[in-house]
Every structure is written in structure tokens, then in C-alpha cells.
Amino acid sequence: MTSAGSTHRAGKRVLVVEDDPDILLTVKELLELEGYAVDCAENGAVALERIREHGTPHLILLDMKMPVMNGWQFAAELHGRYDALSPVVVMTAAGDAARRAKDVGAAGWVGKPFDLDDLLAKVRAHENA
Amino acid sequence: VVIEARDGTSEVVHLARTELSHLEERAARLAREKAHLQLLIRLMGTLGAAQGLDEVIEALLRNVLDAVGGTNVVLCYFVDEELHYADVLGLRRRLSRVEDELVKAALERREPVEREHAFSDTKMLGSPLECGAGGAYTSALPLVAGADLIGVIKLENLHVAMRSLCFQLHPFFDYAASVLKNEVLGRTRLKRAFDEVSTANVRLEAEIGVRLRTEVALQAARDELERRVRERTEELQTANKRLLVELAERRRAEAALRESSEEIRDLYDRAPCGYHSLDRRGVIVQMNDTELAWLGYAREDVVGKLHFTDLLTPPSARAFEESFPQFRVRGWVRDVELELARKDGSRLPVLLSATAVTDADGNYVMSRSTLYDISLRKKAAEAEHLLSTIVESSEDAILAKDLDGVILTWNQGAARLYGYSAEEAIGRNVGMLIPPEQPDELARLLSSLGRGERLEHYTAERIRKDGTRLFVSITMSPIRDEAGRVIRASSIARDITDRKRAEDAMRAAKEAAEDVARAKSRFLDIAAHELRTPTTVFSAVLQLAQRQLESGKAVDTAMLYRLRRNADRLSRLVVELLDVSRLERGTMVPRMKRADVVALVSDCVEDHRALAPGRPLVTTLPGGPVEVEMDPVRIQQALSSLIDNALRYSPPESPIEIGVEPSPGRVRVSVRDRGPGISEALRAELFRPLSRGASDLEERSSGLGLGLYLCRGIVELHGGTVGVTSEPGAGSTFWFELPRREEDAR
């Protein structure tokens, strides 16, 4: 399943926005293992930078609580500049994940700590073709 | 016979002897008659000239004696039906009864009575020559005027030869009777005299008329008499008429007077005010029913018996005694307040005004005093006084204003509350009390009052004269005129500044408590997030490792480090939470021992160098050890959190400077970074737990944000202090100071 995914997902690019370096790194390694190209950003501002550099990704995994620019600010900027071309999946430790996802116009959400199969399923379900 | 004419011529007439003797006799008779008439006229003239009864009587007696002689002439006459005696010898007396037989007979018979007797038994007063040898007689003649018997005149011891003369004198006696009657009437009571004289007049006129016809010889005398009588009659008639008119007028006047005085009496007695009069001693000489009713006395108990002071309360009586003498001199007094003491002991306040009644010489006769019952007015004044005392003594500010806001009244409470005296406030606008930032408040209040609305316990801010502010609770009510129009408004304001402050403090405390609750909730969110981060890492890394192992790949040692780091992080979080909990509950107990601060700082810095390779940590330390009493583990924890913060909030590669500065009594440990600096507002919040400031920090970094709070708690447990100095853009210096004993300094 994992080996099949690596070929199947070739060419898809995911932007992971997460302030905790250990989580960021682990999610990056997981997605790369599945064949995704991964861009990393430790906050919203860096994420916008990455989009400017590399274009809109097929999906954005977004943490909400971050220094410098948090998930809400980032989502507002993203929608303002890029017409929500990239679907967003929110990663959050908060209890009201569904509401937070709706607030920022996200396609889906995963709660922290997350099941990696669940995370990958959400990514696959919402990534742009 | 030679007859001489009046014109001086004479002629010689020849007469026979008998004829001559006849003529001579006739001439003698004529001469006698003429003499008689002349005597009569003389007598009447003399009598008519006499004035008054006594003079008339005297003249009558004297002239009769002179004319007819005799030994005495006696007149008995009536005055007011009493008989009086007068004779030519000057004897005058009243007769209780008539003893003289002759007089008595004349009185009874009303006609002349006479008695003849010999001369021998009389004393001769008259001339005997003419009398011859004949005898004497005594005659009593009644004096009658009209129908009235005036008296009797008695001629004593007349010579019989005088009889014819006496007879000739009868008219004189009639005249004398009339004159006498006049004079006698002059002596009687006036009213009766007038009445009698009026009727007598008529008779007299008739008598005179008869006499005119019969007594030609008395022409001149009668003319004279008539004239006098007419004059007298006219006088009498005029007097009589005048008297009658006067009497009628007087009766009319008396009736009118009686009527008007009854009316005045009625007005006097029933007036709605008290009237009385006091004599010069102050004794009541009259008092009206109204005042008597007020006092509860009967008139007879008061008038002429009581002094006015008996009807006054003692203070009023003293005031009256002092002012009464002045009143008598000045003549008036106005609006004096006195208190009447009623018979039943109760009191009645009155207002007294009086004028003095004086005689023609200006001497005081009595007072004319008017009293008004002012008890109602007094009661009203007392009620008003009571009300105004209540208003004045009220702690509340009570004022009235018109519908433009102009202040009309201002009580003591208002003066105390707002600082303006009544003089300063009255006439000014209440707008002066209203804060300038609420310019439309007054207009709003006045317009709602104008609509007749009442405002209750309206809370407003006001400005005192000295510019300080206060909060008042105001109740405003419209005041209406008799027609129901709102003309002004009353306002009662109570200072509720203290209450407002207490309420504000309570609200602030409540808000603070809510802040704490919110902060706690946020803290729990943060804690959950912080705890979930390492658990998320554990979970994700382990799942990834599993996948890699399952796909035949090796597990990287970096992944194990990642797990280790997060396990440490979790453990630190737990310790931190426990420490906060201990600090909050006061159960953190430092394990104090004597230790060297310099060594502790060196060790701590070395640990951080190992954890953060590549960051320059620069120390500035004293040459020797600085020993203090401390819990080295806790102090190291405090210093670590400062160094952690410095590393976290400053650019990578920027140096961190750590210093130890001993000074007398204390030692300071400081950590300086080259970060962005901290705003002043945030600085104050830094050392507080669960504060709003923490939320800003939270956005900057992970972690519970309790490091500085714990640092402060630990340092304060050592009796030290913490602080921060910072310049935005130039970094921050966090420091703590620990106390040092003097012997430590040596």
C-alpha cells in the first residue's frame, strides 16, 4: 500500500504549515514516504512565501496556533490572494476542530494527535487533481 | 274869666256863677282824672322798666305805697304753686299757709275784699291832710292775669278818701298781674314755662284786646305793653319753634344715632378681629364679643376689672408693660405680636395694632386696639419652618429650579455636596454641575420634567465647585401651579460616589475574577495544546517508524532523538505545572543552604551552551565566590527560564550576556538579550500568571508561558525581587536579586 502510493502520488505537492519542528518533520517524512513533494513552513508568513516561490500546492495542511502568522490570518491572506485554489486541511489539538475548519473555509480537519492513516485519507480525499 | 289859648291869645268870657262853679268842678274833675291817668302811666312805666321778679315786686310795692299811702303794702304770690310773701318793709318769706283772713278771702273769692276800721289803731303812713276826718280801710286785691290767679296785693290802712284813686288803679293792678306772671313764669322750670307761656300768650293777647277796647286812656301804656309782649311773644314763639324743631331733630338724630350705634356695636362685637380699649393704667374699658369669645371670659368679668396683662402670657405681659407707656406718648403701635392667655390656660397668638384716643388737649383717654388671630398663620409658619428645617438639615442636596434650569432654592445639603453656597448657586443654571462631556443631559432632563415626568433614582455624574467629580442618585419631580402647569422642578440628589466606587470596585473585581477564569480556561487550552504537541510527535513518529520498519527501511536515530526531546519536554511541562500548582497553593518550600551564586550561574550557563550550541553565552562574573542562603535547584530553575526566554526571543547567533553583580546586602543576576525588546505595557504583565499579556506571548512561541511567573515566585520565596529593563529594538535585561547577609559580603 505504501509502496504503491509512492508512485501513485508522484507530482502532487503538499504544503505543511506547522510551528512545531518535530511534528512538521514527521508529517513531511510521512508524506514523502507516500510520494508527495512537500513544502514546509513554520508559520503563515513563511507559507505565503513558499506559495509565492513554488505556486499553489495541491493541498495545504494547516496548523492553527502559530507565532508570527497563525492559521486564521494565513487562511484570510490565502483566500484574498489566491482565490482558495488550494484546499486546506486543518490540523488542530483543539476540541472544536470542526468549527475551526469551517471558520477558515477548510475542506477538512484532523485532530492532534492524529492517526497517520486518517491523515493520509484526508489528504487524498481533498487534494486537487 | 280870661281864657288863654295855646297860641298865646286870650279872650274874655262871661259866665254865670253856677255855670262857672260847674265848670270849675268839671275842670277839677278833669284835672284829677288827668292826674290819675298820669299816675297810672308813671306807675306802669316804672313797673315795666323793672327787670326780674325781685325788682318788679320791689317796684310794685314801692309805687303802690307812694301812690295810695297806707301803712304797708303786702304782696302774696304764687311761684310753682307755692305762696310767697313780700311787703314794702322788705320782708320776704315763703308762706306755708295763709293766716291773713283778708288775703285768704281774696284768694278764695278772686275779688277785692276790704275791711273798714278806725285810723286810731293804725300807724299813719300816708298823708292825713287829704284824708279828712274819715276812717281807714284795708283792701286785698286779687292779681289776675287772664284766667290765672297770680297772687293778692294787700293795701293796709288806706284813708277812705283814697278809695276812688284805688279804684282808678285797677288797670295798673291788672298790668302788674301780667308783669308779675311773666316774671314768676321766668322762675319756673323752662319746659313748663314754655308750655304755659304759649297758652298764656293767646290769653294775654285776648286780654290785651279787651283792654284795648275798654282802656283808651292806657293807649300809650298799652302800645308799650303790646310791643313788649309782642317782642316777648315772638321771642318765645321763635324759641318755642326752635325748641320744637330742635327737639324733633334731636329725636331724629337720636334715633339715627341709636340705629347707627347699634349697627356699629354689632360690627364692633361681631368683627372677625378682637377690639378692646384700655385706660391709661392698661385696664380694659371695653372689649368686643369676638375677643371675649377668644379669651373665654364674660364681659362683666373683664371690663373695668382686669388689666390687659392679666390676659397675656408672662413674656407677652412683660413686653406689653415695657411698650405701653411709649404707646401712650406716641399714640400708636402697629403689628405687635403678643400671646393671649385664655381662661382655660391655652394660648392664642395675636397681632395687635392700636391708636390712642385723646381729648381736645391731647391727653390720653383710652386705646382703640385691634387684634388679629394669627394662630393659623403661626401654625403655617411653624409648619413651613419645620419643613424648611427638614430640608435644610437633610444630608441630601435639595434644590428647586425653573424649566430653564435656573436654580431657585439651594439647601445646606446642596452646599455641602456641590461646594457652592446658596448665595453663589441661586440664580445660576444647574448646567454648571453637569460635566461638559454630557452637553445634552440638562436639555433632556428639563424636557422630560416639562412633560410632567418624574425621574427616580437617576444616576448621574456631577462636578463640584472645586472641579472634583461625584456621582449622585437624583430624584426629580415637576412642580405645578394651581392650573396644573409645570412651572418648576424639585430635585433631591444623594451622593453615591462611595457606593458607585464600591460598585465599580466590585465590578472590577468581578471582571478580574472573570479575567482569571477566562485566563484559566485559556491556560487549560494552552496546556492541552502543549501536552498534545509531544504526544502528537510520539504518535506520529512511532507510526512512521512502524511504517518504515514494515516497508523494510531502517529507523533513523534522529527519530529516536525526536522522541527523547519530546519526552523531556513533556516531563518539563509536567514539572512546570506541578511547580505552578505548588506556588499557587503556597506549598513550594525552598531547601535553603549556603551556596555560591557564581558557581551556580557558571554551571547553568554551561548546561545551556550544551543544549544550544552555536549561541554565544557571555558571562560577566566577579573574581571570587558570592555565597548566599538559597535553594540552588530552584535558583538554577529560575535562571534557566530567563536564559531559555532570552534564547527563544532573540535572533539566532545574537549574544546573550549573563552577569553577577554583588552589592552590599544583595546580589543581582541578570540576563541580557538582543531581541526586539518588550513594550512597557507588556513588561508589567510579564511576571503575572494567566494574564492577558500571556495571550500575546502565546502567539509568539510554544510553551506554557509560566517561566517568568515561576521565576518570580522562586525569587520571592528567597526574599528577593525580579525585574526587567527593556528598550524596544535594543533588547531586554531580565534580572533577579537575592538578599545577602553582611557577613556574606566580607
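Here a biologist and a modeller talk through a predicted model, asking what lies behind the words used for it.

Biologist: Let's start with confidence. How do you know how far chain A can be trusted?

Modeller: The mean pLDDT of chain A is 82, and 88% of its residues reach 70 or more. Confidence in chain A is highest in strand S1 (residues 13–17), at 93, and lowest in helix H1 (residues 2–8), at a mean of 42. Over residues 1–8 of chain A the pLDDT is below 50, and beyond near neighbours in sequence this stretch has nine contacts in the model. Where pLDDT is low, the predicted coordinates should not be read in detail.

Biologist: Fair enough. Which peptide bond is cis, and where is its proline?

Modeller: The cis bond joins A:Lys112 and A:Pro113, with omega about -10 degrees. A:Pro113 sits in the loop between strand S5 (108–111) and helix H6 (116–126) of chain A.

Biologist: Now to chain B. Why is B:Glu653 called exposed?

Modeller: The cut-off for exposed is over 50% relative accessible area. B:Glu653 has 63% relative accessibility, so it counts as exposed. B:Glu653 lies in the loop between helix H18 (632–648) and strand S22 (656–663) of chain B. Its phi is positive, about 75 degrees, although B:Glu653 is not a glycine.

Biologist: Where does B:Asp335 lie, and what is its phi?

Modeller: B:Asp335 is part of strand S11 (residues 332–341) of chain B. Its phi is near 50 degrees, again a positive value in a residue other than glycine.

Biologist: On to the rings. Why is the pair B:Phe308 and B:Phe320 called edge-to-face?

Modeller: Two numbers decide that. Rings pair if their centres lie within 6.5 Å, and planes over 60 degrees apart count as edge-to-face. For B:Phe308 and B:Phe320 the centres are 5.2 Å apart and the planes stand at 70 degrees, so the pair is edge-to-face. B:Phe308 comes from the loop between helix H9 (299–302) and helix H10 (314–330) of chain B, while B:Phe320 is in helix H10, twelve residues apart. B:Phe308 and B:Phe320 are buried.

Biologist: And what makes B:Phe327 and B:Tyr364 edge-to-face?

Modeller: Their centres are 6.2 Å apart, and their planes are at 80 degrees, so this pair is edge-to-face. B:Phe327 is in helix H10 of chain B and B:Tyr364 in strand S13 (residues 364–373), 37 residues apart. Both B:Phe327 and B:Tyr364 are buried. Ring pairs link B:Phe308, B:Phe320, B:Phe324, B:Phe327 and B:Tyr364 into a cluster.

Biologist: How do you know that B:Arg330 lies over the face of B:Trp332?

Modeller: The distance limit is 6 Å from the ring centre, and the charge must also be within 35 degrees of the ring normal. B:Arg330 lies over the face of B:Trp332 at 4.0 Å from the ring centre. B:Arg668 lies over the face of B:Trp735, at 3.9 Å from the ring centre.

Biologist: Let's turn to sheets. What makes S5 and S6 of chain B edge strands?

Modeller: They belong to an open, antiparallel sheet of six strands, in the order S5-S4-S3-S8-S7-S6 of chain B. Strand S5 (92–95) and strand S6 (113–117) each have a single partner strand, so one side of each is left without a neighbour in the sheet. The twist averages 15 degrees from one strand to the next.

Biologist: How do you know that S3 and S4 of chain B pair?

Modeller: Pairing takes at least two bridges. Strand S3 (residues 72–79) and strand S4 (residues 82–87) of chain B are joined by six, and they run antiparallel. One bridge has B:Val79 with B:Glu82 as its partner in S4(B). Helix H2 (residues 52–68) of chain B lies across S3, S4, S5 and strand S8 (148–159), at about 150 degrees to S3(B).

Biologist: Which strands make up the sheet with mixed pairing?

Modeller: That open sheet has five strands, in the order S20-S22-S23-S25-S24 of chain B. Its edge strands are S20 (617–620) and S24 (721–726) of chain B, each pairing on one side only. Within this sheet, S22(B) is joined to strand S23 (residues 666–672) of chain B by seven bridges, and the two run antiparallel.

Biologist: What lies between S24(B) and S25(B)?

Modeller: Five residues separate them in a hairpin, and B:Gly729 in the turn has a positive phi of about 90 degrees. S24(B) and strand S25 (residues 732–739) of chain B pair in the antiparallel sense over six bridges.

Conventions: Residues numbered from 1 in each chain as written. Chains lettered and ligands numbered in written order. Predicted model: local features only at pLDDT ≥ 70, side-chain atom pairs only at ≥ 80, totals over all residues. Heavy atoms only, no water. Helix = DSSP H or I, 4+ residues; strand = E, 2+ residues; numbered from the N terminus. Buried < 20%, exposed > 50% of the residue type's maximum accessible area, 1.4 Å probe, protein only. pLDDT = per-residue confidence, 0-100. Contact = heavy atoms within 4.5 Å. Phe/Tyr/Trp six-rings, centres within 6.5 Å; stacked < 30°, edge-to-face > 60°. Axes fitted to C-alpha atoms, helices over the stretch in contact; angles between N-to-C directions.
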